[in-house]
Structure formats: C-alpha cells, structure tokens
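The following paragraphs lead the reader through one structure, step by step. Please keep the sequence and the model in view while reading.

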Amino acid sequence: MSELTSVLLVGAIALVVVAHIAWLARAGRNRAKAALADDMASVRSVIRDAADISDGTAGVVTWAGSWNGQRVQLRTIVDTLATRKLPTRWLAVSITEPVAVPGIFDMMMRPNSATTFSNFDHLAHTLPKVLGLPAEAVLRTDKKGVAFPQDLIASHTDIFAESRAKELLITPKGVRIVWLLAEAERARYGVFRQAAFSDASIDPALVERLLDVASDLREAINRRERQAA
C-alpha cells in the first residue's frame with residue numbers, strides 16, 4: 001500500500017468516526033427532547049397548569065403549578081457526582097405552602113455520600129429520633145434546641161419503607177419528598193461515561209402518591225398547631 005493510499009484511508013476512517021459521533025450526538029439530543037415532552041405530559045396529567053420554570057442548570061428540570069388548591073413544584077435532578085458508582089436521576093415533589101415548624105427538619109435515608117439535590121450535608125445539628133421513624137434515617141436541622149412533632153411525622157413515613165424513598169424535608173415554606181427514579185445504564189456509562197437512563201420516566205401515579213403524602217403531612221402538622229393555639 002502506497003503512502004498516499006494509507007493517508008487517504010486514515011482520512012476516510014477519521015471522517016466516518018466523526019460522522020458517527022455527530023450522529024450519536026444528534027440522536028441523543030432527539031431522545032432528550034422526546035423524553036422531556038413525555039415528562040411534561042406526565043406532569044400535566046396530574047398538575048394541569050404545570051409550567052416549565054427550569055433555569056438552565058444542566059441535568060435539572062423544574063415544573064411549578066397548582067394541585068388540589070396548593071402550590072406545588074416537581075423537579076428532576078441528574079446526579080453525576082464522582083463518588084457514586086452510577087449517575088442517578090431523582091424526582092423531588094414539593095408542596096410549597098406554609099408549614100407550622102420552627103426550622104428545617106431534614107430526614108435522609110442512608111446518607112452515605114454527598115448529594116446534589118439537598119443541603120442535608122450543610123445542616124449543623126443532628127436530631128435524636130423517636131420510635132416509629134425509619135431505622136436507616138438520619139435527622140438534621142439548622143437550629144439547635146428546636147423541637148419538631150416527630151411522633152406525627154413518623155405516622156406519615158410508611159412510604160420510606162420503600163428503598164427508592166430518599167429524603168423528607170419539612171421547612172416553614174413547605175414539604176418535599178425525594179424519590180430515586182433510576183440509575184444510569186452501567187454499560188454505556190462504563191464505556192462512554194454518558195449518563196443514559198433506560199427507564200427514568202415520570203409515573204403520574206407516583207407523582208400523585210408523593211403529593212398525597214406530602215399534603216397529608218403538612219395538613220396534620222398545621223392542624224396540631226391550630227389545636228394547640
């Protein structure tokens with residue numbers, strides 16, 4: 001094979017590789033657009049007036065609207081922290097209405113590494129747990145010496161018996177539950193370092209269920225506060 005032929009062959013192979021990479025990128029963008037449209041449809045099947053209020057942060061999509069007369073917010077977060085074996089996609093469901101608590105109450109299940117979806121790691125004070133709260137949960141707050149209605153909270157944490165339930169956050173501004181939607185495909189992430197999820201769609205029934213739990217807990221806390229007043 002002549003030197004010219006070798007050069008031409010290498011050039012042809014390089015063009016094929018570049019074209020294939022471009023095709024993969026375009027196909028990836030198309031899949032992402034289709035997945036976002038599917039997620040939007042799922043969210044709106046529960047929250048009719050949901051609007052995409054995302055701020056452009058990579059891997060984060062946020063919707064806001066109203067549900068059963070309450071302001072709510074849904075957010076999906078792709079967590080690609082290097083400390084994790086595989087990237088993960090989380091769903092955060094929030095009731096963004098006032099709650100009668102004296103500070104931040106953050107219950108994290110199995111907090112063995114840093115997260116991108118929570119400020120749990122930055123809360124300075126650990127709370128003792130009452131009976132009834134999950135054994136694998138750790139409680140933290142932002143204020144020392146404050147008391148929360150843990151017995152009441154414990155009665156609304158049955159959902160945390162499921163391994164995908166990750167965090168319960170209660171603040172004076174609302175209640176949030178974080179749920180694991182999916183882990184990235186191991187093969188693709190191992191070879192291409194791409195966080196591709198084969199089954200990370202938003203299930204409307206799950207959204208409704210998480211909203212019900214968060215809403216019931218908020219109402220129970222506020223009802224006790226009104227009765228004590």
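Which residues of H4 are buried? The model to be examined is a predicted one. In helix H4, the buried residues are Leu206, Val207, Leu210, Leu211, Val213, Ala214, Ser215, Leu217, Arg218, Ala220, Ile221 and Asn222. A general property of helices helps in reading such a list. An α-helix has 3.6 residues a turn, so residues three or four places apart point the same way.

Against what do the buried residues of H4 pack? Their partners are the strands E2 (60-67), E3 (70-79), E4 (88-95), E8 (165-171) and E9 (174-183), together with helix H2 (150-154).

The length of H4 may be checked by simple reasoning. The helix comprises 25 residues, from 204 to 228, and at 1.5 Å a residue it should span 36 Å. Its end C-alpha atoms are 36 Å apart, and therefore the model agrees with the expectation.

The start of H4 also deserves attention. There, a side-chain oxygen of aspartate 203 comes to within 3.0 Å of the backbone nitrogen of alanine 205. Proline 204 belongs to helix H4. Is proline 204 buried or exposed? Its relative accessible area is 28%; because this value lies between the limits of 20% and 50%, proline 204 is classed as partly exposed. When neighbours within four places in sequence are set aside, proline 204 is in contact with Ser42, Ser45 and Val46. In sequence, 160 residues separate proline 204 from arginine 44, yet their C-alpha atoms lie 8.7 Å apart in space.

Another residue to consider is aspartate 39, which is located in helix H1 (residues 3-44). Its relative accessible area is 4%; because buried means under 20%, aspartate 39 counts as buried. Apart from neighbours within four places in sequence, aspartate 39 has contacts with Trp63, Arg89, Ser201 and Ile202.

Three of the strands that pack against H4 can now be followed in turn, namely E2, E3 and E4. Strands E2 and E3 are paired in the antiparallel sense, with 8 bridges. Valine 60 faces isoleucine 77 of E3. The hairpin formed by E2 and E3 has 2 residues between the strands, and in this hairpin asparagine 68 adopts a positive phi near 50 degrees. How many bridges join E3 to E4? The number is 8, and these two strands run antiparallel. Isoleucine 77 has tryptophan 90 as its bridge partner in E4. Isoleucine 77 thus stands opposite valine 60 and is also bridged to tryptophan 90.

How values were computed:
Residues are numbered from 1 along each chain as its sequence is written. This is a predicted model: local features need pLDDT of at least 70, side-chain atom pairs count only at pLDDT 80 or more; totals for chains, interfaces and linings use all residues. Side-chain values use heavy atoms; hydrogens and water are left out. Helices (H or I, at least four residues) and strands (E, at least two) are DSSP runs, numbered from the N terminus. The expected span of a helix is 1.5 Å times one less than its number of residues. Buried means under 20% relative accessible area, exposed over 50%, partly exposed in between (1.4 Å probe, protein chains only). Contact means heavy atoms within 4.5 Å. A polar contact is a pair of N or O atoms within 3.5 Å; within protein, one must be able to donate a hydrogen and the other to accept it, and residues adjacent in sequence count only if both atoms are side-chain atoms. Two strands pair if DSSP finds at least two bridges between them.
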